[in-house]
Amino acid sequence: MEWQVPMAKIQSNDHVAALNLTPQQVAMKGHCDKATETSKKKLCSQLKIVFHMAKHDLPSNHFVAQTELLQALEAPDFVTTDGIYCHSDSVDDMERALEHVVVEQIREKLKNSDFIGIIIDETVNITVNKKLIVYLKLEIKGKVETCFLGNYDVDSGTARCIYDRVVAVDIALSRVIGLGSDGASVMMGRHVGGLVHCVAHRAALAALDAAKAVENIRAYKNTISSVYSFYRHSATRTTRLRQLTAALSGEDMVSLKQPCTVRWLSLHRAVEAMKHNWAAVAMELNEEAVGGNTQAQGLLGQIQTYSFIALTHALADLLPVMTKLNLVFQKDNVNLSSIRPIVQASVAAFTQLRDVPGPEEETFQAGYKDGTYKDVKVTNSSERSIQAFKKARERYVQHLIDALQDRFPEDCMDLLHCLDTLLNHSRYPQTHSGK
């Protein structure tokens, strides 16, 4: 059936008016398209802000402040507030959109990776909920890339729960050739072939093992923690300590540090700060002790002893060896075949420091005269106390040597050397264009 419209109808005033609207409609469509492009551009700029905040660990409630700053700077997309999504739900939506894009990119890389390495660790958030953090090491066309996969909620820390979580993110287990972990039994399991216990963690555990084995080291850590707390909670004391340091040495005070059990080798920084500030700390504590402060009296009695001062300098010789070892292992690209010579060199350095005092300890011995050090009286400095310190130092150094050898046995060194052949991307055949 064909529809025919009478000419009279076409020429009516209503139809003429409708036809005249066509150019206006085209113009309106152009305005709408332009407005849509402008909105898209504004949205992209806001997504960039959210991405920047995520990269720098800024909370989402900073989004409005970021947009206000851009408005004050008259950034083109933020001249007006039109099209700016300031509601917290909108920021959450943008974060989820960015997360989706990143996850899809990682999934695509996973598909293209011939070999996969998994790095996992358990942790808890501020509400003490158990989490599983997962990193992937991917090999694509001879190049290795490490990427963060996610920080997932887990019901428990059992091996089954960890396995289910890994499988749920579509990791092809047939292509997994290595697993890096903290060495906990739930991570390593009974069949440990092919699993790599984090070497940096091993070094830290070796230092922790040695510290636990010697009572003098445990007591020393408790003392410097108490000194740190004593000054941390008083701006007045800290100011006096800073002034005394400047007067005695002409240098700025090094901030006191607290050795932390969850931060590897934090004792090194705490020892360096105590060594630098010891005379000023002793004098400031003495002033407060004379004034009747019983806490200052107790702390002064602990840090004035020969063993405390000598141990501070001995640790200043020993701990840099462990710190250097640990920092080498924390590099992005560690040559696994180099771990054996690095460990062997560290053991040799400790052996020498066990038998012969290091330069820092020699500095203390040279400056200790007539029962004083840096014009401060030293207590408990009898020959018996001096010999007791030397025996404690030897025990601690021997425990360091034993702990390193236990944590890095020869069979493990052989395994790491073999894994280096598989996992070290510098050993992979290089692809060349046109060949």
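In which helix is Ala279 found? Ala279 is found in helix H10, and we will come back to this residue after a look at the whole chain.

**The chain as a whole**

This is a predicted model, in which local features need pLDDT of at least 70 and side-chain atom pairs count only at pLDDT 80 or more, while totals for chains, interfaces and linings use all residues. Residues are numbered from 1 along each chain as its sequence is written, and side-chain values use heavy atoms, with hydrogens and water left out.

The chain has 16 helices and seven strands. Here helices (H or I, at least four residues) and strands (E, at least two) are DSSP runs, numbered from the N terminus. Of the 435 residues in the chain, 36% are buried. Buried means under 20% relative accessible area, exposed means over 50%, and partly exposed lies in between (1.4 Å probe, protein chains only). A contact means heavy atoms within 4.5 Å. Among the contacts in the chain with a separation of 6 or more, 64% are between residues 24 or more positions apart.

**Strands side by side**

Let us start with the strands. Two strands pair if DSSP finds at least two bridges between them. Strand S1 (residues 115-124) and strand S2 (residues 130-140) run antiparallel and are joined by 10 bridges. S2 also pairs with S3 in the antiparallel sense, over 10 bridges. S1 has a parallel partner too: strand S4 (residues 176-181), over four bridges.

Some bridge partners and opposite residues are worth finding in the structure:

| Residue | Opposite or bridge partner | Strand of the partner |
|---|---|---|
| Val124 | Lys130 | S2 |
| Ile119 | Tyr135 | S2 |
| Leu132 | Tyr152 | S3 |
| Ile133 | Asn151 | S3 |
| Gly117 | Gly178 | S4 |

In a regular strand the side chains alternate between the two faces of the sheet.

**Turns and positive phi values**

How many residues lie between the strands in the hairpin of S1 and S2? There are five, and Val128 in this hairpin takes a positive phi near 60°. The hairpin of S2 and S3 has two residues between its strands, and Lys141 in the turn has a positive phi of about 55°. Most residues other than glycine have a negative phi.

Positive values also turn up in loops. Glu74 has a phi near 60° and lies in the loop between helix H3 (63-72) and helix H4 (88-112). With 64% relative accessibility, Glu74 counts as exposed. Asp375 has a phi near 65°, and its place is the loop between strand S6 (372-373) and strand S7 (376-377). Asp375 is exposed as well, at 72% relative accessibility.

**Aromatic rings**

Rings of Phe, Tyr and Trp (its six-membered ring) pair if their centres lie within 6.5 Å; planes under 30 degrees apart count as stacked, over 60 as edge-to-face and the rest as tilted. By this rule the count comes to nine aromatic pairs. Why is the pair of Tyr135 and Phe148 edge-to-face? The ring centres are 5.2 Å apart and the planes stand at 65°, so the pair falls in that class. Tyr135 lies in strand S2 and Phe148 in strand S3 (residues 143-153), so the pair ties together parts that are 13 residues apart in sequence. Tyr135 is partly exposed, with a relative accessible area of 33%, and Phe148 is partly exposed at 40%.

Ring pairs also link Trp278, Tyr306, Phe364, Tyr368, Tyr373 and Phe389 into a cluster.

**Helix H10 and its surroundings**

Two packed helices are described by the angle between their axes and the distance between the axes. Axes are lines fitted to C-alpha atoms, for helices over the stretch in contact, and angles run from 0 to 180 degrees between N-to-C directions. Helix H10 (residues 266-290) packs against helix H11 (residues 294-303) at an angle of about 145°, with the axes 8 Å apart. Residues making the contact include Trp278, Val281 and Leu285 of H10, and Ala296, Leu299 and Ile303 of H11.

Now back to Ala279. At 10% relative accessibility, Ala279 counts as buried. Leaving aside its neighbours within four places in sequence, Ala279 is in contact with Leu248, Lys374 and Val376. Ala279 and Gln304 are 25 residues apart in sequence and 9.5 Å apart in space, C-alpha to C-alpha.
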